[in-house]
Amino acid sequence: MNKVYNNRAWWLILPMLLLVAFSAIIPLMTVVNYSVQDVFDAHTRFFTGTEWFSEMLNNPELQSALLRQFAFSLTVLAIEVPLGIGIALIMPKKGWQASAVLILVTMPLLIPWNVVGSIWQIFTRGDIGLMGWSLRELGYGYNITSSPVDAWATIILMDVWHWTPLIALLCYSGLRSIPDAYYQAARIDRASKWSVFRYIQLPKLTNVLVIGVLLRFMHSFMIYAEPFVLTGGGPGSSTTFLSQSLTTMAIGQQDLGPSAAFSLIYFLIILLVTWVFYTAIMNMQKDNNKEA
Amino acid sequence: MEWMVWTTPTTVFFAVIAVLLACMTTWELVSPTIERKGFLPISTTRGDRFFIGLLSSAYIHLIVVGFTPLSIWLALGASVVWCLILMRWG
């Protein structure tokens, strides 16, 4: 097949580029402008240079929020990815059961973040919430407003409940796209269930898992509404994640300069981690292709 | 453009990035990149190295500004040298 390379096709993305410039690139540039100044109102502003950046990087509250954020994102990824793959593997493949299970699994994804927070807030209350009440009746002094451990466990459980379906759905569609011939070949070779998973299903799932891991990382790293509604960042600041610290600073205290500097640091961290994930997984694939 | 509260340093910063991107595009059109492996653990194209260079430069600046008493110009100098090394041998 003769492939024609014509770089003029790049002009076709011009409308998209203009739209993105208007909605993302130029606002981002504005944030950079704010990060080097102390802006009081439309006419009063002072150039501060790198002062906000060094202040933000040395702010102990933000440092611990960052650590909590990483701990949270890595924990939910470590739980949701294997669990999602597992659920996708046992989901029925055809018939009315397949449709029914698909609908059931998709349900949590349809619920808005703050509603998820409210649902769990009520669910975990000791007096009227089913889970809170049951745990108390069982003799465990469950209380998310006073125990950081309870609060953490609940937030992670909530995120797993809300977002594992995404991984499961992605994997399910990935599994469906594997041709039957692979399984037939495996049966002829008398391959065990584990080798079928390891050498057929998992490699074929790489692409959807890349997307799943990236989406879940970005989502969980930017998580805001759910913990905000559920615990309000407490007890103390034990569940205050980055976006909540940022909102408090930018909206609550109107500190535009420091919060702009902080946003940029936040952005750079997300950019680095997603790039590392993406490159690592893409290279794993390249190596696999070479072996095959 | 006053509402965007531009300052000279940010204007210069974005202008330089834009010029660099334009140069990279022209370079690519004149002589397309060949993916190769340098001292980085992965094989990269010219654009990959450019991106890695910019991103690591941002981190060099943050570290210098946040955790050392050194001048930001030193960070800039170090970043330029680092980017050149990266583009040539990375």
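A residue is called buried if 20 or more other C-beta atoms lie within 10 Å of its own, exposed if 12 or fewer do, and partly exposed in between, with C-beta atoms placed from the backbone. The model is predicted: local features need pLDDT of at least 70, side-chain atom pairs count only at pLDDT 80 or more, and totals for chains, interfaces and linings use all residues. Residues are numbered from 1 along each chain as its sequence is written, while chains are lettered from A and ligands numbered from 1 in the order in which they are written.

**Exercise 1.** State how many helices and strands chain A has, and in what order its elements run.

Solution. Helices (H or I, at least four residues) and strands (E, at least two) are DSSP runs, numbered from the N terminus. Chain A has 12 helices and 2 strands. Read from the N terminus, the order is α-β-β-α-α-α-α-α-α-α-α-α-α-α. The C-alpha atoms of chain A fill a box of roughly 75 × 70 × 30 Å along the principal axes.

**Exercise 2.** Decide whether helix H8 of chain A lies largely in the open or not.

Solution. H8 of chain A covers residues 180-188. Of its 9 residues, the number buried is 0, so the helix lies largely in the open. For chain A as a whole, 26% of the 292 residues count as buried. Just after H8(A), Arg190(A) takes a positive phi of about 55°.

**Exercise 3.** Classify Gln97(A) as buried or exposed, and place it in the chain.

Solution. Gln97(A) belongs to helix H4 (residues 95-106) of chain A. Because 11 other C-beta atoms lie within 10 Å, Gln97(A) is exposed. From C-alpha to C-alpha, Gln97(A) is 26 Å from Thr206(A), and the two are 109 residues apart in sequence.

**Exercise 4.** Describe the side of chain A that touches chain B.

Solution. Two residues are in contact if their C-beta atoms, placed from the backbone, lie within 7 Å. By this test, 22 residues of chain A are in contact with 15 residues of chain B. On chain A, helices H1 (14-35), H2 (51-57) and H12 (256-291) and strands S1 (37-39) and S2 (45-47) each supply at least two residues. H12(A) gives the most, with 7 residues.

**Exercise 5.** Find the distance between the domain centres of chain B.

Solution. An automatic or database domain assignment supplies the bounds. Chain B is divided into domain 1 (1-32) and domain 2 (35-90). Taken over C-alpha atoms, the centres of domain 1 and domain 2 of chain B are separated by 17 Å.
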